[in-house]
Amino acid sequence: MGKGYFRFEIITKDRIGITSEILDKIYRLNINIISLEVFPKKVCVKIQDIGEKEKISLKNSLYSIGGVVTIKDIELLEYEKYERKLLAIIDSVDDGIIYINKNLKIEIFNSYCEEIFHYTKEDVLGKDVRNIIKDAPMVKLLKSGDNYDNMEVNIESNRGKSHYLTTGRPVKDDNNNNIGAVASIRDMKKAIEIANVVSTTDNGAFKEIIGNSAAIEKVKGMVRAVAKSNSTVILRGESGTGKELFAKAIYNLSGRRDKKFVPINCAALPENLIESELFGYEKGSFTGAVSTKEGLFKEAHEGTLFLDEVGELPLLLQAKLLRVLQEGTIRKIGSNKEEKVDVRIICATNKNLEDMIQKGEFREDLYYRLNVIPICIPPLRDHLEDIPILVTHFIGKLNKKLNKNILGAELEFINELLKYNWPGNVRELQNVIERAMNLCTRDLLGKDHLMIDIYEPPKVINDIDKEGELTLKEVVDMAEKEAIIKSLKKNKTFRKTAKALGVSHTTIMNKLNKYGIKRKV
Ligand SMILES: Nc1ncnc2c1ncn2[C@@H]1O[C@H](COP(=O)(O)OP(=O)(O)OP(=O)(O)O)[C@@H](O)[C@H]1O
Ligand SMILES: [Mg+2]
């Protein structure tokens with residue numbers, strides 16, 4: 001990476017004047033510094049690449065400065081890393097983005113703009129915007145500072161026709177002077193398509209998703225807006241909020257509806273199985289691989305792959321997934337052949353990925369690849385007004401399953417539900433309704449049927465004190481349940497919990513099912 005340049009990092013002791021001594025040494029060797037970053041106890045330098053011998057004498061000369069501790073080659077300076085991330089994000093957006101500086105020179109021109117204006121980045125970066133886009137409204141914006149929204153522009157150049165909607169904003173310095181302008185561009189054809197999607201019916205895609213509160217309607221709106229694109233969507237939200245339902249809704253509204261929807265739960269499978277499930281394997285690549293098997297990526301070709309609980313993906317597999325997303329190709333285990341796949345990714349997690357990045361548990365580069373369109377599903381306590389229709393919906397659905405004929409719920413019952421804060425969200429509400437329906441022998445659910453269990457760990461010691469009311473097996477089960485909940489709270493992921501408790505991943509998954517422990521960790 002970074003051919004043509006040599007970048008290195010100097011770790012120093014905290015001493016006044018050390019940076020200027022470093023600069024002095026470099027200049028004395030007649031080396032031009034291209035960029036320099038100074039941090040407490042660290043200086044990073046970028047220079048034109050030099051020969052190996054010169055590198056050694058440069059390092060030796062720097063080591064002679066009192067207070068220089070170590071010198072290490074690095075791939076990129078911090079600002080370069082930041083810039084690359086930013087450009088990757090800007091490039092992944094499904095709208096055009098142009099930034100011009102105050103001299104009207106184009107500094108940012110994303111991939112989408114290349115399509116609309118029929119120019120490549122190389123053609124335009126550093127060029128005067130007036131030579132590329134005739135009468136670009138951003139030129140006026142830079143002088144007047146007046147915003148414009150959704151202005152329709154129709155231009156014809158020797159490169160072809162472009163018809164688009166554009167929105168512009170000035171970029172200001174601390175003294176409120178315009179130092180540049182940014183414009184977003186939306187292809188007119190796409191704008192009309194989206195308008196149509198929003199105004200047409202949803203073909204029942206939201207049939208299963210109950211709720212008409214503003215919070216849920218907002219999420220549905222986002223889902224409609226992004227479903228048609230091929231961009232990666234990540235569904236965020238607490239456990240039980242309906243992420244899986246929304247993932248299916250996106251698929252049902254997408255152009256890939258006629259192709260497969262392939263879900264995989266990254267938490268439910270042990271590490272080695274996830275890899276072979278996702279990528280497949282070649283016959284004989286490991287004991288038991290008696291025939292070649294295609295992976296889920298292949299199965300989802302031209303369709304949609306739903307990576308549920310993506311926060312549980314082990315680091316090694318995170319690296320492999322990143323490669324697929326970057327290259328658009330997969331390789332079976334035991335094979336050296338790359339195969340092209342065209343898959344739309346939807347993923348979901350209830351984990352705080354940002355925290356996991358801090359702790360080194362989730363790769364930052366994968367995060368940026370997945371976090372293209374984040375959609376947050378609100379917790380139930382933020383849309384309590386949906387509880388009455390959710391209750392009606394679940395009663396209808398569960399009447400069939402439980403072979404009952406319950407007509408509805410009493411007001412008192414609903415009022416009780418509205419007082420609770422629902423840590424387990426809609427899933428917990430559904431369980432509470434199912435429990436109530438089991439107890440109910442009347443037409444309507446009443447307050448006496450309500451059993452809200454917050455899944456707190458049982459207090460084993462106290463319960464044992466209830467002198468001998470419990471069998472030994474019950475006591476052991478309770479202790480086991482409590483130990484698992486405690487460890488889950490501490491270790492956060494199933495995999496780590498299994499490791500900490502010295503059992504296999506499958507054992508933990510079985511125990512979680514046995515004790516009905518929900519993912520509230
Ligand atoms: N808005 C809703 N309308 C109807 N049912 C819902 C709604 N939201 C969730 N549910 C139901 O609640 C249960 C949990 O939903 P889902 O599995 O989609 O949650 P999740 O967000 O994926 O949770 P987790 O993070 O634990 O996997 C499912 O049975 C689902 O059908
Ligand atoms: Mg889920």
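These are my notebook entries on a five-stranded sheet, a helix lying across its strands, and the surroundings of ligand 1 in a predicted model.

**Entry 1, the sheet.** I looked up the strand order first and found an open sheet of five strands that runs β11-β14-β17-β10-β18, with parallel pairing. At its edges I noted β11 (261–265) and β18 (373–376), each of which pairs on one side only. I then took the turn between neighbouring strands of this sheet, which is 20° on average when direction is ignored.

**Entry 2, one pair of strands.** I went on to β10 (residues 233–236) and β17 (residues 344–349), which pair in the parallel sense over four bridges. Following Leu 235 across to β17, I found that its bridge partner there is Ala 348.

**Entry 3, the helix.** I next checked what helix α10 (residues 243–253) lies across, and listed β10, β11, β14 (304–308), β17 and β18. Against β17, I noted that helix α10 runs at about 165°.

**Entry 4, ligand 1.** I turned to the shell around ligand 1, where I found 18 residues, the closest being Ser 239, Gly 242, Lys 243, Glu 244 and Val 426. Sorting the shell by residue class, I recorded five nonpolar, eight polar and five charged residues. Looking for the elements behind the shell, I found that α10 and α18 (425–439) each supply at least two of its residues.

**Entry 5, placing the ligand.** Which domains give residues to the shell around ligand 1? I found that domain 3 (201–376) and domain 4 (380–449) both do, and I therefore place ligand 1 between them.

How values were computed. Residues numbered from 1 in each chain as written. Chains lettered and ligands numbered in written order. Predicted model: local features only at pLDDT ≥ 70, side-chain atom pairs only at ≥ 80, totals over all residues. Pairing = 2+ DSSP bridges. Axes fitted to C-alpha atoms, helices over the stretch in contact; angles between N-to-C directions. Contact = placed C-beta atoms within 7 Å. Near = placed C-beta within 6 Å. Nonpolar A, V, L, I, M, F, W, Y, C, P; charged D, E, K, R; others polar. Domains from an automatic or database assignment.
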